[in-house]
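Visitor: Could you walk me through this protein, one question at a time?

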Amino acid sequence: MSELIILGYDDDATAEKAYNKVLELNRDFIVALNGLAMVRMDEKGRKHIETPGSLVAASTTSGALWGMILGVLFLIPGLGLLFGGAMGALSGVAGKAGVNRAFKAKVDGMLEEGKSAVVVMASKVTEDKFAAAMGEFGGTILKTSLSDADEKELEDELSAE
């Protein structure tokens, strides 16, 4: 089971501090990251996604799964044109896995001009320590879980594509 956590912040500086804190928590084994990204919304309404170069997914499919989740949450208009039916099918599977329209709408509501979000996908989270460490940054928190079965279904869809 994986946890998908989106932490929304009013400014890039706070988001960057939170992003670095998540990396620190990963090194301290408080969170086991499958994926991490910082999404910034610039003044023209474009989203910019940064991921740590040192964080490598365990397999090609899990890396593709992480990329697909970021695509569904943040880039679907552009990716939809590029991948057509493949992204549509994956979006449907992702919706069944908890990354549905309502969740995506909440994520979109977090990202307005000048705001940022930290996106965490983790296979393990020590909830109390994670919450205590991240509490200093404030922000808005959205969370959903992906069951092992949901992840397997998404990975199977990605492998088929």
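**A look at the chain and helix α1**

Guide: Happily! The protein chain exposes about 8,000 Å² (Shrake-Rupley method, 1.4 Å probe, only the protein chains shown counting as cover for residues), and carbon and sulfur atoms supply 54% of that area. This is a predicted model, where local features need pLDDT of at least 70 and side-chain atom pairs pLDDT 80 or more, while totals for chains, interfaces and linings use all residues. Residues are numbered from 1 along each chain as its sequence is written, and side-chain values use heavy atoms, without hydrogens and water.

Visitor: In what pattern do the helices and strands follow along the sequence?

Guide: Helices (H or I, at least four residues) and strands (E, at least two) are DSSP runs, numbered from the N terminus. The chain has 6 helices and 5 strands. Read along the sequence, their pattern is β-α-β-β-α-α-α-β-α-β-α.

Visitor: How far does α1 reach from its first C-alpha to its last?

Guide: Helix α1 covers residues 12-27, 16 residues in total. The expected span, 1.5 Å times one less than the number of residues, is 22 Å here. The modelled helix is close to that, at 23 Å.

Visitor: Which residues of α1 are buried?

Guide: Buried means under 20% relative accessible area (1.4 Å probe, protein chains only). Their cover includes β1, β2, β3, β4 and α5. The buried residues are Thr14, Ala15, Ala18, Tyr19, Lys21, Val22, Leu23 and Leu25.

Visitor: Which residue caps the N-terminal end of α1?

Guide: Look for a side-chain oxygen 3.2 Å from the backbone nitrogen of Ala13. That oxygen belongs to the capping residue, Asp11.

Terms used: Buried < 20%, exposed > 50% of the residue type's maximum accessible area, 1.4 Å probe, protein only. Contact = heavy atoms within 4.5 Å. Polar contact = N/O pair within 3.5 Å; in protein donor to acceptor, adjacent residues only side chain to side chain.
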